[in-house]
Amino acid sequence: MNNFSQTAVRRVEPLAHDWRSVRWDGGCFDTARRSLTEVVEGTIRLPQYLILATLQGGARTLRVRAECGHRYQGPERAGAISLVIPNCERHLQLTGVSARWASLAIDAGAFAGSVGQACASNITDPFLL
């Protein structure tokens, strides 16, 4: 069952540009980039697991506040990965941001076991560098 349109909120402004998206039943892969922008704010809540990756650039400061209790404040750099669990509203603010990013939303039902019930922000993965 594709739950992508149910309870989905992905409102981050100003919008990124060169946005590309591939959707399938139970998921979506997006890429985009953002020219230097002083302040970006928004809210994300999806019924899927959402993995966000900063591929190039970053932000001077990323502030995250999630419904699950997760908090993060610090720089966002290339190679950073964040995980948002299903139906967990995530509020974010970036300052001094210029980046190219990708995200992967995967239906929670696609996993046989529990992937985890905790959000994470800005975990560095050297493979992405």
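## Close-up views of an all-strand chain

**View 1. A cis proline between two strands.** Pro-14 is found in the loop between β1 and β2; strands are DSSP runs of E with at least two residues, helices are runs of H or I with at least four, and numbering starts at the N terminus. This is a predicted model, in which local features need pLDDT of at least 70 and side-chain atom pairs count only at pLDDT 80 or more, while totals for chains, interfaces and linings use all residues. Residues are numbered from 1 along each chain as its sequence is written, and side-chain values use heavy atoms, with hydrogens and water left out. Look here for the peptide bond joining Glu-13 and Pro-14, which is cis with omega about -5°. Most peptide bonds are trans, and most residues other than glycine have a negative phi.

**View 2. The whole chain, for orientation.** The chain has eight strands and zero helices, so to speak a straight run of β-β-β-β-β-β-β-β along the sequence. Of the 129 residues, 45% are buried, where buried means under 20% relative accessible area, exposed means over 50% and partly exposed lies in between (1.4 Å probe, protein chains only). Contacts (heavy atoms within 4.5 Å) reach far along the sequence: among those between residues at least 6 apart, 77% join residues at least 24 apart. About 7,000 Å² of the chain is exposed, and carbon and sulfur atoms supply 54% of that area. These areas come from the Shrake-Rupley method with a 1.4 Å probe, and for residues only the protein chains shown count as cover.

**View 3. Arg-10 and Asp-30 in a salt bridge.** The chain holds four salt bridges, each a side-chain nitrogen of Lys or Arg within 4 Å of a carboxyl oxygen of Asp or Glu. In one of them, Arg-10 meets Asp-30, and their closest N and O atoms are 3.1 Å apart. Arg-10 belongs to strand β1 (residues 9-13) and Asp-30 to strand β3 (residues 27-45), so this pair links distant parts of the chain, 20 residues apart. How do the partners sit, buried or partly exposed? Arg-10 is partly exposed, at 28% relative accessible area, whereas Asp-30 is buried, at 1%.

**View 4. Asp-18, with a positive phi and a salt bridge.** Asp-18 sits in strand β2 and has phi near 55°, a positive value in a residue other than glycine. Asp-18 also forms a salt bridge with Arg-33, with 2.5 Å between the closest N and O atoms. Arg-33 lies in strand β3 and Asp-18 in strand β2, so the bridge ties together parts 15 residues apart in sequence. Partly exposed describes both Asp-18, at 43% relative accessibility, and Arg-33, with 39% relative accessible area.

**View 5. Glu-38 and Arg-60 linked between β3 and β4.** Glu-38 and Arg-60 form a salt bridge whose closest N and O atoms are 2.4 Å apart. The two residues are 22 apart and join distant parts of the chain, with Glu-38 in strand β3 and Arg-60 in strand β4 (residues 48-66). Glu-38 is partly exposed at 47%, and Arg-60 is partly exposed at 49%.

**View 6. A nonpolar surface patch.** Which residues form the nonpolar patch on the surface? They are Val-22, Trp-24 and Phe-29, with about 290 Å² of accessible area together. Patches take residues with over 30% relative accessible area and no salt bridge, joining like charges within 9 Å and nonpolar side chains (Val, Leu, Ile, Met, Phe, Trp, Tyr) within 5 Å. Val-22 is located in strand β2 (residues 17-24).

**View 7. The β4 and β5 hairpin.** Strand β4 runs antiparallel to strand β5 (residues 71-77), and six bridges join them; strands pair if DSSP finds at least two bridges between them. Follow Leu-62 across to β5 and you arrive at Gly-74, its bridge partner. Four residues lie between the strands of this hairpin, where Gly-69 takes a positive phi near 100°.

**View 8. Gly-79 and Asn-87 in two loops.** Gly-79 lies in the loop between β5 and β6 (80-84) and is buried, with a relative accessible area of 0%. The C-alpha atoms of Gly-79 and Asn-122 are separated by 8.4 Å, although the two residues are 43 apart along the chain. Asn-87 belongs to the loop between β6 and β7 (90-107). Phi of Asn-87 is positive, near 60°, in a residue other than glycine, and Asn-87 is partly exposed at 41% relative accessibility.
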